[in-house]
Amino acid sequence: MRMAHVDALSRAPVEDEESLDKALAERQTVCVSITLEERMIMCQTADSDVAHIKGQIEESLDEGLGLSYVVKDQLLYRKFRDKLLFVMPKSMRKSLVVTAHDLSGHPAVNCTMANVLQYFWFSNNRRYVKLHIWACFECLLMRVPRGKRPGLLHPIPIGKRPFGTVHVDHVGPFITAPVPNTRSEPLIKCVRQFVREYGFPGQLITDRGTCYTSGAFGDYCTAQGIKLIWTSSRHPQANGQV
């Protein structure tokens with residue numbers, strides 16, 4: 001029951017249940033659904049590269065494009081193995097590859113490419129798929145490293161005297177340096193100077209540079225009773241790099 005003594009400005013008007021139900025019944029919910037073709041038309045039109053190719057074909061400005069592409073019902077298709085594939089604009093490529101890889105069980109590159117090329121095509125598609133898979137977090141966690149497994153470390157035993165083991169490598173170039181180049185002759189001269197000051201080392205550890213693997217340097221170490229040890233290739237950690 002309405003309160004007649006209350007003015008209209010003091011509260012909002014209260015509707016009865018019948019008028020409220022009538023207002024709700026008059027409301028209409030509009031659901032807009034578009035097909036894949038309609039969405040593709042909008043995205044292709046907004047993509048400058050795709051729109052350029054469509055314009056070239058429709059105006060017959062480039063006959064070579066007509067051999068690989070075709071425009072049909074306002075859509076640009078790519079001719080691929082006797083099929084017509086949708087040319088994917090840039091805005092839809094990410095979602096396409098996510099569907100073909102992430103939502104399809106994380107297959108490898110070839111299987112992901114097969115999923116993509118069922119209905120769609122875009123330039124550099126294989127490189128795009130590879131980069132996506134390499135950056136996929138789930139694939140990184142489950143990826144099994146290939147190749148030869150790293151072996152156990154072989155620590156160098158502690159010597160009984162200073163400079164029993166000496167690591168040798170070239171650093172530079174500097175403005176002034178005791179070794180002018182990386183040939184074996186200056187290297188032997190530098191080692192001789194070291195021997196005069198500190199004595200003969202028990203072993204020299206070097207990388208596989210040509211001056212260290214040369215016959216002249218090997219003969220010098222053998223004549224002086226120095227054991228020459230070469231580190232494995234592409235492994236600078238064995239020669240002091242941290």
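The following questions and answers examine how residues and elements of this predicted model are classified.

Q: Why is S184 called buried or exposed?
A: The relative accessibility of S184 is 11%. Buried means under 20%, so S184 counts as buried. The residue lies in helix α9, and S184 touches C211, S214 and A216, leaving aside residues up to four places away in sequence.

Q: Why is L141 called buried or exposed?
A: L141 has a relative accessible area of 57%. The term exposed requires a value over 50%, and L141 is therefore exposed. Its place is in helix α8, residues 137–142.

Q: What makes the nonpolar surface patch that includes L141?
A: The patch is made by F137, L141 and M142 and covers about 400 Å². Membership requires over 30% relative accessible area; L141, at 57%, therefore meets that part of the criterion.

Q: How do you know what span is expected of helix α9?
A: Helix α9 comprises residues 184–198, 15 residues in total. The expected span is 1.5 Å times one less than the number of residues, which gives 21 Å for α9. From its first C-alpha to its last the helix reaches 21 Å, close to the expectation. After α9 comes G199, with a positive phi near 90 degrees.

Q: Which residues of α9 are buried, and what covers them?
A: S184, P186, L187, I188, V191 and V195 are buried in α9. Their cover includes α10 (210–213) and α11 (215–223).

Q: What makes the largest nonpolar core, and which members touch the most others?
A: A nonpolar core joins buried residues of certain types through side-chain atoms within 4.5 Å. The largest has 28 residues, of which M40, Y69, L76 and M88 touch the most other members. Elements giving two or more residues to this core include the helices α2 (36–46), α3 (48–58) and α5 (90–100), together with the strands β2 (75–80) and β3 (83–87). A second, separate core has 13 residues, including V166, L187, V195 and I226. In soluble globular proteins, nonpolar side chains tend to be buried together.

Q: Which residues does Y69 touch?
A: Setting aside residues up to four places away in sequence, Y69 touches I53, I57, L76, Y77, R78, K79, V87 and W121.

Q: What makes up the chain as a whole?
A: The chain contains 11 helices and seven strands. Of its 242 residues, 28% count as buried. The accessible surface comes to about 18600 Å², with 56% belonging to carbon and sulfur atoms.

Methods:
Residues numbered from 1 in each chain as written. Predicted model: local features only at pLDDT ≥ 70, side-chain atom pairs only at ≥ 80, totals over all residues. Heavy atoms only, no water. Buried < 20%, exposed > 50% of the residue type's maximum accessible area, 1.4 Å probe, protein only. Helix = DSSP H or I, 4+ residues; strand = E, 2+ residues; numbered from the N terminus. Contact = heavy atoms within 4.5 Å. Patch = residues over 30% accessible without salt bridge, like charges linked within 9 Å, V, L, I, M, F, W, Y side chains within 5 Å. Areas by Shrake-Rupley, 256 points an atom, 1.4 Å probe, with all protein chains shown as cover. Salt bridge = Lys/Arg side-chain N within 4 Å of Asp/Glu carboxyl O.
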